[in-house]
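Please follow the strands of this model one pairing at a time, with the sequence and the coordinates side by side.

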Amino acid sequence: MTFINVAVPVPGLDLLTYSAGPDGRVPAIGVRVVVPLGSRSVTGIVVGVGGTGGAGDKTIKPIRQILDETAFIPEEVIALARWTAEYYAAGPGEAITAVLPPKARGSRADAHKSVRVAAITAAGLDALGGEGLTRKQSDALQLLAGTPTGIATADLARRGFASDSLSRLAKQGLVTLRADRVDRDPFGASSYAAQAIDAERQLTPEQRAALSRLRALADARAFRVALLHGVTGSGKTELYLRLSAAVRDAGRRVLLLVPEIALTPVIASLFRQTFGERVAIQHSGLSDGERHDQWQRIRRGDIDVVVGTRSAVFAPLPQVGLIIVDEEHDASYKQDESPRYNGRDVAIVRGQRAGALVLLGSATPSMETHYHAMNAKYERVTLERRVLDRPLAAVTIVDMREEYAAEGPDVILSRPLRAALRTRLERREQALILLNRRGFATAVFCRQCAGTLDCPNCSVSLVIHGEGAARRARCHYCNFSMRVPSACPLCAGPYLDQTGFGTERVESELRAACPDARIARLDRDSIRRKGSLTALLSKFRDGDIDVLVGTQMIAKGHDFPRVTLVGVVSADVGLGVADFRASERTFQLLTQVSGRAGRGEQPGEAVVQTLYPDHYSIQLACRQDYAAFYEKELLFRRAMRYPPFTSIVNAIVRARTFAGAMDDAADVVQRIRATDGALLVLGPAPAPLGRLRGEYRAQLLIKGTNRKRMREALMRAVAARPELAKRITIDVDPLSVL
Ligand code: ADP
Ligand code: ZN
């Protein structure tokens, strides 16, 4: 009997083995099958066929149903998922969940929907210049005359043309209304006005040189990794476009990964202008239906370019010739649940298997990527100047200790920042204000007993959101929330004070300082509603917002030509933490955010408030001196045996008691040391977040140069204690060890 290995999207399950169905048919790899699992039936994916066993093996059950004739998931994507599961020490079920499109677990492809479209008629065209139309009606006809194929009524409604006025025009025979059956199109749903890209535009000499080197690499049709290291505003996106067009013209396809959902509509519409309909978007912010339609089009081969976030690295795109990872250093490429993969690194593996060029783009490359580029493992292509020789923002560092001395300890916006804001508002230019911390206040404490309001489930203090009656205390880890009590829960003292501040407080300070300005906030709290992020960004782009305050979300990749001021409220937010990447993160964030200023005609300025004006990552970010930062940081990494000089595997053991977690972690450490004496194992130690969602956590860290050995030693230790498997979190190549 032939064994069939099936991965089911159930966390923690290993591969399951079945025999062929009653009719003896053996499904191909990538085919969906329904299999018995305990008393249930589940849909899984065939990931391996082969190996035979005795026909008498009664424990092997037959497959119940085969759902596809040919592979539903391409074989190469299955292989990539299996690599991901193994490398990141995750279960195959978790990895297969990552590659499945939403709703693929049923057998029926999702239904299509229809949209109502209005189009102008010949009579409508005739009526255009004539009499007898209201202003609104003639505006609508003007608009429709420009788009002979018609415009969706939803889009018209958004522009203020209500459906009843369209119906009246239809009754007069001036427009027709029809229902179009369409694939749900996430482009259509966004009214995002992308900047038109000018095909005739002259590349700068630097861009031209970079493009010709990259084209040569792509034309070689062999695996290669290249780093495109270009300062902010040096025109990397333009190169992505032209390189993609070259690859498409040579008959291969392009996968473009971006770090943030918010960046997909802009960049995807740029690509639409070059590639038309053959561009698809893949990210988790789309509705299941939208995502599924796009996924199907990719799989059918109707797509040349896929733009998406992390998980798009598993898109079922055939004949990939180029994979671009934009802002490759970005932490959002790392998935923070199992499989804890880094989309950039999976992209490199996919490129290797497909014989493709993998292009990593950044103004602030990760230490690892830059290290490989400096050691010729990766090709290195640089853009050192901004397009049109626009200067980088001039940076002023504000020492907040001086501000506190002059203005008292409650200052949030320094005098230089307030002055710079006023100038911008007078000149009708725009400003971005960064604070990488959400909420209104970061803690509540009692003046009588000094106790703080902590999360009952986690070892952190609750963050205050909102003001006045709307005030609530929330845990940013487990989402616990409560009304802020009027007396201390510990000593019943009546004097509760708030300390620390986040984006909400900055927003309210800005409103007080600039009462006439139009101010908006962009952070995870302000964009909970689907679509509100895109709406906010396009309002800012259209100039309907003067000052946008937000977390690192505002720092990434956006191109807002009218922003001339960037304010960083507290550059130190990320420096206080005991993480080996704290300096790198801070340097990247500050460089990226100052890079948002002065991208248009007007030069930009950045004001950086800090308590540590002499810290090297703040100093060097303000000078935009990546090379000096890299050299300095590399010394630290070498001395401390951190990446890129070693690899790390971080493991967290959870238990109901602190002692239980520590004992189990100690046991794992012992077992690893006993099996492989060459590995450096640190710990056990209480994890920095010692308690999370009611569980205690202990940590251990393995450092070494051979990930396979590190992983295997750890897996053996866990295998010896099967009950531990559910209580241990393994993170290979962690971005942070917090
Ligand atoms: P980066 O991604 O490197 O930060 P972008 O690709 O966003 O930079 O380019 C910055 C701005 O310069 C964009 O508005 C882009 O349209 C424009 N741009 C890019 N290349 C050129 C060029 N060759 N000539 C004029 N403008 C350009
Ligand atoms: Zn909590």
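Which residue in β22 does A473 stand opposite? In this predicted model, A473 stands opposite M482 in β22, and that pair belongs to the antiparallel pairing of strand β21 (residues 472-474) with β22, which extends over three bridges.

These two strands are part of an open sheet of three strands, ordered β20-β21-β22 and paired in the antiparallel sense. Because β20 (463-465) and β22 (481-483) each have a single partner strand, they stand at the edges of the sheet, and one side of each is left without a neighbour there. From one strand to the next, the twist in this sheet averages 30°. As background, strands of a sheet pair through backbone hydrogen bonds, and the pairing may be either parallel or antiparallel.

The parallel sense can be followed at strand β26 (residues 563-568), which is mostly covered, with six of its six residues buried. Strand β18 (residues 430-434) pairs with β26 in the parallel sense over five bridges, and within this pairing L432 has V566 of β26 as its bridge partner. Strand β27 (residues 605-610) also runs parallel to β26, to which it is joined by four bridges, and here V566 stands opposite A606 in β27. V566 is therefore a convenient residue from which to trace both pairings, since it is the bridge partner of L432 and stands opposite A606, while, as a general point, side chains in a regular strand alternate between the two faces of the sheet.

The path from β26 to β27 includes helix α18 (residues 582-594), and together β26, α18 and β27 make a right-handed β-α-β unit.

Methods: Residues are numbered from 1 along each chain as its sequence is written. Chains are lettered from A and ligands numbered from 1 in the order in which they are written. This is a predicted model: local features need pLDDT of at least 70, side-chain atom pairs count only at pLDDT 80 or more; totals for chains, interfaces and linings use all residues. Side-chain values use heavy atoms; hydrogens and water are left out. Buried means under 20% relative accessible area, exposed over 50%, partly exposed in between (1.4 Å probe, protein chains only). Two strands pair if DSSP finds at least two bridges between them. A crossover is right-handed if, with the strands pointing away from the viewer, the path from the first strand over the helix to the second runs clockwise. Axes are lines fitted to C-alpha atoms, for helices over the stretch in contact, and angles run from 0 to 180 degrees between N-to-C directions.
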